[in-house]
Amino acid sequence: MENIYAKLAEFVAEGQTVAVATIVDVKGSVPREVGAKMIIHPFGQHVGTVGGGCGEADVIRAALDVIQTGVPTTVRVDLTEDISMQALGVCGGIMDVFVTSSAPAAPRTVPPDGPGSGPTRGELVEALRTSILARQPVALVTVVSGPATGREAVVWLDQPPLGGLGLGDWEAQVIADAQAVLRGRQHRLLRYPAQGTSVFVEVQRRAPELIIVGAGHIAVPLAQMASLCDFAVTVLDDRPSFANRERFPTAQKVIAAPLRKTVAALPMDSDTFIVLVTRGHSH
């Protein structure tokens, strides 16, 4: 997710208007999960995917319209048609994809003190990226249906939100609900039928970290595979001839240092995984 937001920040900084598509709900078997994102560029420089095939083509067409009009929309991708020789990418499920524009300087919220004074999309994206890089729990909350469709706010557990959702007296309850979703660490679509509104809470989790202790022959392919699977890889060994960049070019960190002392000092949390492949039982 950090890669998507890094590219989005780049487009916004360059003054380019793009669209962002996010899968907010699924039913049955679909090619991508809730929370999967894609940037649609007006000149085809797309980033990410929401599943490919004809369904993604429908999303791209809708996104190009959103770039022109600035009006968000939800695209329903129905993959439940009968399978035949002519069927194109039938998975058997349905996914709802919310598409919004990302105009560089347009305010994304309307706070109580008047229109036009909320944070820009660039400021929201930067707040997200800063929190992700700092390993801080954070969520992007987006109104995906109802009168305030398209409004966004960045929500943390321990500080006031950035931006507002334009939901009036019941916004505080929605923010509290979003914080509960953030604690649960899973994206979720919140529905409020009485208000005719749905809100998508996109939980921003940093990449899981894999610490490989031991830089022998097993560690080399393990580090490569883990990097392909979007782990942030750290390799540790007390032998500089093994723990070096030449052997582990895809690792985020390669540390040549005493094992016990270094492992004890490494920051770890519930997104940290450790594989011990040291050279001997004593380690």
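This passage describes strand E10 and two spaces that E10 helps to line, in a predicted model.

Strand E10 spans residues 197-204. Eight of the eight residues of E10 are buried, so the strand is largely enclosed by the rest of the structure. Both faces are covered: Ser198, Phe200, Glu202 and Gln204 are buried on one side, and Thr197, Val199, Val201 and Val203 on the other.

E10 pairs with strand E9 (residues 188-192) in the antiparallel sense, through five bridges. Tyr192 has Thr197 of E10 as its bridge partner. The two strands, E9 and E10, form a hairpin in which four residues lie between them, and Gly196 in the turn has a positive phi of about 65 degrees. E10 also runs antiparallel to E6, to which it is joined by seven bridges. Val201 in E10 is the bridge partner of Val141.

One cavity of 30 Å³ or more is present in the structure. The largest cavity has a volume of about 80 Å³, and 13 residues line it, with Thr22, Lys37, Phe98, Thr142 and Glu202 the closest to its centre. At least two lining residues come from each of strand E1 (19-27), strand E5 (94-101), strand E6 (138-145) and E10. By class, this lining has six nonpolar, three polar and four charged residues.

The second largest pocket holds about 200 Å³ of space. Its lining comprises 16 residues, of which Arg135, Gln136, Pro137, Arg185 and Asp271 are the closest to the centre. Helix H3 (121-133) and E10 are the elements that give two or more residues to this lining. Six of the residues lining the second largest pocket are nonpolar, four are polar and six are charged.

Conventions: Residues are numbered from 1 along each chain as its sequence is written. This is a predicted model: local features need pLDDT of at least 70, side-chain atom pairs count only at pLDDT 80 or more; totals for chains, interfaces and linings use all residues. Side-chain values use heavy atoms; hydrogens and water are left out. On a 1 Å grid over the protein atoms alone, a cavity is a set of points where a 1.4 Å probe fits but cannot get out, and a pocket is an open set with protein on both sides within 12 Å along at least five of seven lines; lining residues have an atom within 4 Å of a point. Grid points are joined across faces, edges and corners, and a volume is the space filled by probe spheres set on the points. Ala, Val, Leu, Ile, Met, Phe, Trp, Tyr, Cys and Pro count as nonpolar, Asp, Glu, Lys and Arg as charged, and the others, Gly among them, as polar. Buried means under 20% relative accessible area, exposed over 50%, partly exposed in between (1.4 Å probe, protein chains only). Two strands pair if DSSP finds at least two bridges between them.
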